[in-house]
Each structure stands twice: as C-alpha cells, then as structure tokens.
Amino acid sequence: MPYLAKKYPMVKRYACFILLLITQKASFSQTIDKIINAKEVERIEKKLSSDDMRGRRVFTPDIDKAADYIANEFKKAGLQPAAGTSFLQEFVMFKPTFISAMAVVNGKPIDDKNVGALTAQPELFVSQATPGYKQIVVHAQDTFNLLLNRLQRIGGNYVLMVDTAHRAMFDRIKRGRALFSPKGNIVMVLASQEAGEFSIQYKQSVTESPLKNVVGILPGTSKKDEYVIFSGHYDHLGVGKPNAAGDSIYNGANDDAAGTTAVIMLANYFAKQKNNERTLIFAAFTGEESGGFGSQYFSMQFNPDQVMAMFNIEMIGTESKWGTNSAFITGYEKSDMGKILEKNLEGTDFKFYPDPYPDQQLFYRSDNATLARQGVPAHTISTSKMDSEKYYHTQDDEIETLDMKNMAAIIKAIAISSTSIVAGKDTPTRVNTTQLR
Ligand SMILES: [Zn+2]
C-alpha cells in the first residue's frame, strides 16, 4: 500500500503496526484469490461436467476417466497418495443374497431368520472348534451398529451372539447389506445367550463389483494423527433417455462436479499454505447416487475418534435461497462446527445458515452420514434449493446453469472458515449418535 504511506509520512509506531496488519490482510486476500477464483472453478468444472465424462456413472469406463482426472489434479496440487503410490482408493463391493442358514446353539436349533453373516464368502461353516473365530456377546445396552463398524474396520473372524433387543438392526443387515472389501467374516446369531457348543452353516450368493474413490492427503505438521476431511462425490447418473432437446447425458455439473471442484481447489489452497497442523484428507467419493458406497468404504478406513471434522460439499453451483455469498450446513445443531465456521467468517460478507430443508433429511442422505453415525462432526455444505432446484437430476444440470463467481466465494468461505480447525485450535463437539434416527 505505498499510496497510503506517502500520503501520511509521519505515521506513529502503532499506526505503522496497524498498517502492517492491513497490508498482511490485503496480501492474504490476494493470495487466496489467486488460488480460489472463478476462472479456476470454470477450468475444473468444465472438465468434470463435460459430455466427454458422460455423466460419470458407477461401473462404467466413463467414471474412471473422471477418477484419473481428479487423481492427476491431486498429484499436481502436491498431495500424497493415501495408501501406497496411487491416489485411487480401489475396493470391491460384495452384494449378498441370502440362500439358507442352519444353526444349533447349546444343543438347540435356531430359526434361520435368526442367523446372519457379514461375509464375502458364498458359504461358511463355523463351530466352537473352528480356529480363528472369536465369540462376542452383544448385550441389549451395546451399540450394535458401532460394534459392527469397529469389527469390520479392524478385521478378523467373529461369532456374535446378539441380544434380541437388536432385532430391528439385525433384520436390516440380513436383508442384504453391501460389504466393501471385507477383512474377515462375521457370523451373527440372534439369541440372548452365550454359545458354548455351536455349529452354524450359512449360504448366500454374492455379486462382486469394483469401485474407486480418489483420496489424497496433506500430512499435518504437529497433529499428524488428527484428521480433517474435505470431500464431495464425483459420480453421477450417467447416460439416460434423451430429453425433448435430444440431450441424454446427465452431466451433474452441480451434483456433484461442483463439490468435487471445491475439493480439488481446497487441496490446491492448503497445499500452498503449507501450515496445516492437522492432517488434511481430500476425498472424491464414488457411488453416492447409488447408496453412498464410496463414503462407506472410505469411512471404514479410519478410527472415527481421530477424525476431528468432515466438510462434505454437495451442490454449491447455484445461489442459495438467501442469494449469493451464503450456504447452509446440514445437521447444524448436531455439533458446534457451524458456530466455529461462523466465528472464522466474522468480518466477511459470507454467511452460513442451518439447513432450511429439515424435512428432506439431507444430513442422512449425503456422504457425511457414515462418519456422523460414528460420532464425527461430519456435515454437508450446500446451496441447493431443494424445494425448487430446477435442473436437479435432469440432463440440464450443465455448467451453463452454474454461477462460477459465487462458487469461488463459497469455496473461499470454506477455506477461511475451516482455518482454526485445520490449525488444531478449534475442535468441534462430537455428534451424539444416540440422538440420530
Ligand atoms: Zn449429490
């Protein structure tokens, strides 16, 4: 700011100090604008939502093209691959269909509807004499779902004797829960007792489908074991029937090339800052439109206690119901993360609001849900007008319908509002899982 200094040559010391602060603030906003701007949004959006990517549908070569593009962007940004040398986090989805079950526990036959398994094997036979199996009694007061998540994360073989209080959850799992590259077998019997002698036979048919997320990390400087996640899903609906205009490609520019664009730009931003105390994880998820497959597998790779916050970003391409320079946070009241973000935005013209569409259950419908269910303050940031978003899930969700400038403002707001969490100064409160539906 040379102009100001010349005009007031006799500035006092404290004035100099204030001037220095102003200059620093100005140069900070210049740096952030250099990295996060409308032109950069357009560069990435254009690519991800192009007809060339044919709507990025799971289990097609089209989505692989998108994955390779995102991986290359992560590499250029200077991220490290999450595991090994590849930014592609590959896994297999196993979809089971129950065929039959036979079990005898403590000399008594068990009805086949009370026998279940989480396994990729078409057939399992387990008895008290089978080596490598550990028996766990799941009591009425235990959180069955959290236990299953933990066992699947650490891997191994288990026989669970599940209290009948968990019947609803047990039935839900039996209806055929997809498994993602499981690291063992879990056999479950719904019976409120410990099993002394038992024999369990379980048969199912299984289909296997390969999937991939794209994941890159920026290791933290002082708090390496504390993670902050920035994510969005890169899959969309693919190619369908042509509309009246003859367009058959569901480009998903807003849903969710927009969120993926934000993740890439935040990766670039934080990689250039080089001052994240906590480890930052950038993830582009697959299979959101088909049931959140990508985020389910991804979430299983962490001890949830180590995840301090998750910023999931969905549909930020149009202006929110409050206009530009604003967005909403799903599950706002479930942690104090929103309050922290607002505090960091004080003095800017950007504003976050609680989700105005609670009836839509957005908190449970996007990729934040799996980690939120394990207590992580995991929220989705969006601007989508869920009651009137004209091009939502249509062939017309194209880049021309998006506001690049406003998108840049939102991405900038996410970068700035996350500062104290990235720096390890603020830690959002955990989600109370007993109050989730
Ligand atoms: Zn979406």
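In this predicted model, F59 sits in the loop between α3 (38-48) and α4 (61-77). Its phi is near 60°, a positive value in a residue other than glycine. F59 counts as partly exposed because its relative accessibility is 45%, which puts it between the 20% and 50% cut-offs. Another residue with this kind of backbone angle is M315, which isn't a glycine either but has a positive phi of about 55°. M315 belongs to the loop between β15 and β16. With a relative accessibility of just 5%, M315 falls under the 20% limit and so counts as buried. As background, most residues other than glycine have a negative phi, and most peptide bonds are trans. An exception to the second habit turns up as well: D255 and D256 are joined by a cis peptide bond, with omega at about -5°. D256 is part of helix α7.

The zinc site comes next. The ion's protein donors are NE2 of H233, OD of D255 and two OE atoms of E314, and they lie 2.0 to 2.7 Å from the metal. The angles among these 4 donor atoms run from 51 to 155°, and the site is irregular. Along the chain, the donors follow the spacing H-x21-D-x58-E. Distant parts of the chain get linked here: D255 comes from helix α7, while E314 comes from the loop between β15 (307-313) and β16 (326-329), 59 residues apart. Both D255 and E314 are buried.

What about the nonpolar interior? The largest nonpolar core has 72 residues, and the ones touching the most other members are F74, F230, F282 and F311. Helix α7 (residues 253-273) is the top contributor to this core, giving 12 residues. In soluble globular proteins, nonpolar side chains tend to be buried together. Helix α7 also holds N268. N268 counts as buried because its relative accessibility is 11%, and, leaving aside neighbours within four places in sequence, N268 is in contact with I35, E40 and A77.

F311 gives a good look at how parts of the chain meet. Beyond its neighbours within four places in sequence, F311 has contacts that include V228, I229, F230 and S231, along with M337, L341, H379 and I381. Also on that list are I414, S418 and I421. One of these partners, H379, is in strand β18 (residues 378-382). The two residues are 68 apart in sequence, yet their C-alpha atoms are 5.8 Å apart in space. H379 is buried, since its relative accessible area is 1%. Apart from neighbours within four places in sequence, H379 contacts M310, F311 and N312, then I329, T330, G331 and Y332, and also S335, M337, F363 and N368.

Helix α5 (residues 144-154) is another element that is mostly covered, with 8 of its 11 residues buried. Those are F144, N145, L147, L148, N149, L151, Q152 and R153. They pack against strands β4 (115-118), β6 (133-138), β7 (157-162), β8 (179-180) and β9 (186-190), and against helix α6 (167-174). After α5 comes G155, with a positive phi near 80°.

Helix α5 also takes part in the largest pocket, which holds about 1100 Å³ of space. The pocket has 40 lining residues, and N145, M169, R172, R177 and R373 are the closest to its centre. At least two lining residues come from each of α5, α6, β8, α8 (293-299), α10 (362-365) and α11 (369-372). N145, then, is both a buried residue of α5 and one of the residues closest to the pocket centre.

Finally, there is some enclosed space: the structure holds 2 cavities of 30 Å³ or more. The largest cavity has a volume of about 80 Å³. Its lining is made of 14 residues, with A117, I173, K174, G176 and Y202 nearest the centre. Two or more residues of this lining come from each of β2 (88-105), β4, α6 and β10 (198-218). Helix α6 thus contributes to the lining of the largest cavity as well as to that of the largest pocket.

Note on methods:
Residues numbered from 1 in each chain as written. Predicted model: local features only at pLDDT ≥ 70, side-chain atom pairs only at ≥ 80, totals over all residues. Heavy atoms only, no water. Core = buried A, V, L, I, M, F, W, Y, C linked by side-chain atoms within 4.5 Å. Buried < 20%, exposed > 50% of the residue type's maximum accessible area, 1.4 Å probe, protein only. Helix = DSSP H or I, 4+ residues; strand = E, 2+ residues; numbered from the N terminus. Contact = heavy atoms within 4.5 Å. Donors = N, O, S within 2.8 Å, 3.2 Å for Na, K, Ca; no water. Tetrahedral: all angles 85-135°; square planar, octahedral: opposite > 155°, others 65-115°. 1 Å grid on protein atoms, 1.4 Å probe; cavity = no way out; pocket = protein on both sides within 12 Å on 5 of 7 lines; lining within 4 Å. Points joined across faces, edges and corners; volume = space filled by probe spheres on them.
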